[in-house]
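I opened the notebook to look up three things: strand pairing, unusual backbone angles and aromatic contacts. The entries follow in that order.

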Amino acid sequence: MPKTGLAFRRHINKSQILDFQDSFDCLEFLVESYSALSDPQLKELRNLSNLFTLIPHGLSLSIGSVERPPQSYFDTIARLLEITQPTYYSEHFAFTQTTEKNIDTLSPLWYTDELLDVVITNVTSIQRFLGLPLILENIAHPFNIPFSTISQEDFIASVCHETNCGILLDVTNIYIDSKNFGTDPKAFISRLPKSSIKQLHVAGYLEKNGFFTDTHSSAITPEIWEIYDYAISVCTPDYVIIEREFNFPPIIEIITEVERARKPVINHELS
């Protein structure tokens, strides 16, 4: 079974996690939370790396942009990787910036041949600089993507094939897209290269007026666990991360979800 842990965010009370550190195999941390490279930040990161396997996760790479972030951004990532010594660096299949500004959100890619070439070029260059594979996450789509000529699944599969990068499969985002746009979670997963799936994210969501949003603010529902069980039955990720960043509950509730992730219902079929 994969190592299982929590998305650690700096606003979460760290003492709760440290008091129950034996319950977590690993922690995922946001590189943007440590990007100042201040002495207190680096000290905290070193201390955590002595206690847990740490998985770096970024938000600002903008893998679909022709113009990439400045070199200083990549130098910062490299410094954090030097401290934490991970086996890969995780990010998103997303835009986060234009040539003029940071848009401060994960915006979906246009699934076209032209953008596929851009993403392949970016992934190849970044992996070469970092000396590690990239693991890219499927995001939830706030709208149907116009003018796409390739399915999301085939786009992801092509990037993996051409670059040997991996997939961070966000189970909740698959569910959200299925509710908002009528897609089939099992069919989505089945079209991905299973050997490329290196990590899973599992989280709660918000439903308002019939629209579903990825908020990481509530307990994981049975519908999400059902998709998780299917994913685990067809792939062998290295890590599973429970995401709960807002409305953080008593730590025992998170531990219960971590334990549930360690006991999937193997061969469970989606209805």
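I took two strands as paired if DSSP finds at least two bridges between them. The model is a predicted one, and I read every entry below with that in mind.

**Entry 1, strand 1**

I looked up the neighbours of strand 1. On one side I found strand 2 (residues 26-30), paired with strand 1 in the parallel sense over four bridges. Gly 5 stands opposite Cys 26 there. I then followed the chain from strand 1 through helix 1 (residues 14-19) to strand 2 and noted a right-handed β-α-β crossover.

Strand 12 (residues 239-243) also runs parallel to strand 1, and four bridges join the two. Here the bridge partner of Gly 5 is Ile 241. Gly 5 therefore appears in my notes with a partner in strand 2 and with one in strand 12.

I checked the cover of strand 1 (residues 3-8) as well: five of its six residues are buried, so I noted the strand as mostly covered.

**Entry 2, positive phi**

I searched for residues that depart from the usual backbone. Most residues other than glycine have a negative phi. Ser 62 has a positive phi, near 55°. I placed Ser 62 in the loop between strand 3 (53-57) and helix 3 (71-84). Is Ser 62 buried or exposed? Its relative accessibility is 1%, so I entered Ser 62 as buried.

Asn 209 is not a glycine either, and its phi is positive at about 55°. I found Asn 209 in the loop between strand 10 (206-208) and strand 11 (211-213). I entered Asn 209 as exposed because its relative accessibility is 76%.

**Entry 3, aromatic pairs**

I counted ten aromatic pairs and wrote up two of them. The ring centres of Phe 74 and Phe 129 are 6.4 Å apart and their planes stand at 75°, so I logged the pair as edge-to-face. Phe 74 belongs to helix 3 and Phe 129 to helix 4 (residues 113-130), so this pair ties together parts 55 residues apart in sequence. Phe 74 is buried at 6% relative accessibility, whereas Phe 129 is partly exposed at 40%.

The second pair is Tyr 111 with Phe 155, also edge-to-face, with centres 5.1 Å apart and planes at 65°. Tyr 111 sits in the loop between strand 6 (102-107) and helix 4, and Phe 155 in helix 5 (residues 152-163), so parts 44 residues apart in sequence are tied together. I noted Tyr 111 as buried at 5% and Phe 155 as buried at 0% relative accessibility.

Last, I asked which residues ring pairs link with Phe 74 into a cluster. I found Tyr 73 and Phe 129.

Technical notes
Residues are numbered from 1 along each chain as its sequence is written. This is a predicted model: local features need pLDDT of at least 70, side-chain atom pairs count only at pLDDT 80 or more; totals for chains, interfaces and linings use all residues. Side-chain values use heavy atoms; hydrogens and water are left out. Buried means under 20% relative accessible area, exposed over 50%, partly exposed in between (1.4 Å probe, protein chains only). A crossover is right-handed if, with the strands pointing away from the viewer, the path from the first strand over the helix to the second runs clockwise. Rings of Phe, Tyr and Trp (its six-membered ring) pair if their centres lie within 6.5 Å; planes under 30 degrees apart count as stacked, over 60 as edge-to-face and the rest as tilted.
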